[in-house]
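Good morning, colleagues. Please take a moment to look at the sequence and the model on the screen before I begin.

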Amino acid sequence: METLQKFFLSSIIILVLFACEEKIDTKKRSMECFEYGMYHYQGTQESINAFAKAVELDSTHAESWRELSIPFLKRGMPHLWKKYIDKAVELDPVVWQGYRGYNYLWFYRDYKSAIADFDATDTLTPNFIDAPQGHSVDFWRGIAYLGLKNHEKSIAFFDKHIQKEIDEAGEDWVEHEAFLYRGIAHYEAEKNKKYLSNIKTHKFELSLQDFNTLLKYNADFADAKYYKALILFDECQSLELRINFEEQTRSNNRLAKMLTQEKQEKLEEALTIIDEAIVNFNTGYSNQRPYVETLRQLYLEDYTNLKAKLESMH
């Protein structure tokens, strides 16, 4: 009886060891498939097949699921991308939830889902600010809220992001796009406001501060110059209204002349800036992204149309 018990115990131990060795071997083969997939160009059949085999051998390896999702993301196949990226997030949310938010933001313009993922990432790591794809979740939330035209929240997150970067590394380390997008958020917020008067002194002051800061560190950035010229165009339109009012009422001819002179000076400045912006744009110094259109993307037509509007006011 004792011999039989020892035999069964030995058999169980052997089976357990064999199962463990088999599991280790399966994980090893899965990693070999993963590395083979990484060796080949992203999206090739060899790469896709390798990652598919990797998750078949080891369904717990989150990065294999993430790599499997990418070709379908970039080819516009959301039903497959989401299936695979959701699995990566389920297995390792700390690493991949913010990345999924980035995908929602840029590839699908699903701003609400992007914000939900960025918020969740923030909750998962309360002691530090995550930086999926190289930028903080505050930076990405600033862009996502701008996409939703929630300018107040967009500005708040950019304020938080920019101040942290300045405190830790200095203003010259802040991404140029952070100043650009915060400036755009300020501009759009002011543009949408209704005032009792047609003129509000320094209406776009905060926008100009951001665009000028950006140009201090990158003097060839076309987008910032476009918005500076656009602000001057808006100011010229407001001046025209005041000039027309003064001329119609004949209340103050001297004031009308002064306003006309101011308008001409702003027009000349705007035309100089937009000409520089067109040169910068044509040499590649503009805000753009690989694979997808960036938020508030500007094209050559936008620059030439603004120039035509300015010239028509001469």
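I shall speak about confidence, then about one helix, and then about salt bridges.

What we have here is a predicted model. The mean pLDDT of the protein is 87, and 89% of the residues reach 70 or more. Confidence is highest in helix H7, residues 137–147, with a mean of 97, and lowest in helix H1, residues 2–39, with a mean of 61. Over residues 6–21 the pLDDT falls below 50, and this stretch makes zero contacts in the model beyond near neighbours in sequence.

Let me turn to helix H11, which spans residues 222–249. Its 28 residues reach 41 Å from the first C-alpha to the last, close to the 40 Å expected. Arginine 250 follows H11 and has a positive phi, near 50°.

Now to the salt bridges, of which the structure holds 22. In one of them, aspartate 119 meets arginine 141 at 2.7 Å, N to O. Aspartate 119 belongs to helix H6 and arginine 141 to helix H7, so this pair ties together parts 22 residues apart in sequence. Is each partner buried or exposed? Aspartate 119 is partly exposed, at 31% relative accessibility, whereas arginine 141 is buried, at 4%.

A further salt bridge joins aspartate 275 and lysine 307, at 2.8 Å between the closest N and O atoms. Here helix H12 supplies the aspartate and helix H13 the lysine, so the parts tied together are 32 residues apart in sequence. Finally, salt bridges with shared partners join Asp119, Asp122, Asp138, Arg141 and Lys160 into one network.

Terms used. Residues numbered from 1 in each chain as written. Predicted model: local features only at pLDDT ≥ 70, side-chain atom pairs only at ≥ 80, totals over all residues. Heavy atoms only, no water. Helix = DSSP H or I, 4+ residues; strand = E, 2+ residues; numbered from the N terminus. Expected span 1.5 Å × (residues − 1). pLDDT = per-residue confidence, 0-100. Contact = heavy atoms within 4.5 Å. Salt bridge = Lys/Arg side-chain N within 4 Å of Asp/Glu carboxyl O. Buried < 20%, exposed > 50% of the residue type's maximum accessible area, 1.4 Å probe, protein only.
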